[in-house]
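Me: Could you walk me through this fold, starting with the words you'll be using?

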Amino acid sequence: MPSPLPHDPIAEARRQWTSHGWGEYADGMAAITSVIRAQQIFLARVEEVLKPLGLTFARYELLTLLHFTRTGALPMTKASARLQVHPTSVTNAVDRLEAVGLVRRTPHPTDRRTTLVELTPEGHELSLTATRELNEAVFAKPGLADEDLEPLLRILARLRQDAGDFEESSEW
């Protein structure tokens with residue numbers, strides 16, 4: 001972890017935005033830049049846990065998605081939609097997970113055009129191990145006060161819904 005800066009660079013950028021005549025955009029710039037920086041912080045914490053397990057967050061998400069299904073398998077296109085990533089990203093993750101025996105591709109039993117990605121027993125165990133470690137090391141202590149989590153979740157759900165991530169209203 002690098003040493004903290006003596007001042008908040010995003011607050012300084014906001015000040016500069018305002019002083020350069022872009023004040024009406026300063027809050028939006030600061031909000032977006034802050035969220036991007038927060039994402040970097042969260043991802044670094046997650047990857048610190050996952051790297052020793054040989055996983056990236058994208059591969060962990062796929063393993064866990066498969067773990068949550070009734071059968072441990074999904075069509076590749078459905079996995080792509082649920083993870084909200086391009087099909088190429090799922091193919092890449094499946095390639096890497098398959099190479100180490102954590103998932104396998106299988107033909108769909110009724111649709112010859114569809115390939116399923118299926119969790120292996122080793123993938124199932126690793127998903128559980130990674131989740132346990134993430135729960136303890138990251139998700140239990142996300143770096144936010146408990147009372148800030150619910151409002152943040154509501155704000156981010158509204159942003160995601162407005163961006164077209166989902167139609168129905170969220171539980172937040």
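Reply: Sure, terms come up as we go: helices (H or I, at least four residues) and strands (E, at least two) are DSSP runs, numbered from the N terminus. This is a predicted model, where local features need pLDDT of at least 70, side-chain atom pairs count only at pLDDT 80 or more, and totals for chains, interfaces and linings use all residues. Residues are numbered from 1 along each chain as its sequence is written, and side-chain values use heavy atoms, leaving out hydrogens and water.

Me: Which helix gives the most to the nonpolar patch?

Reply: Helix H1 (9–50) and helix H6 (146–162) each bring at least two residues to that patch. With four residues, the biggest giver is H6.

Me: Is Ile41 buried, partly exposed or exposed?

Reply: Ile41 sits in helix H1. Buried means under 20% relative accessible area and exposed over 50%, with partly exposed in between (1.4 Å probe, protein chains only). Ile41 has a relative accessible area of 32%, so the label is partly exposed.

Me: And Thr106, buried or exposed?

Reply: Thr106 is found in strand E2 (residues 103–107). Contact means heavy atoms within 4.5 Å, and, not counting residues up to four places away in sequence, Thr106 touches Thr115, Leu116 and Glu118. Its relative accessibility is 18%, so Thr106 counts as buried.

Me: Which residues does Thr106 touch, not counting residues up to four places away in sequence?

Reply: Start from its place in strand E2. Leaving out those sequence neighbours, the partners are Thr115, Leu116 and Glu118.
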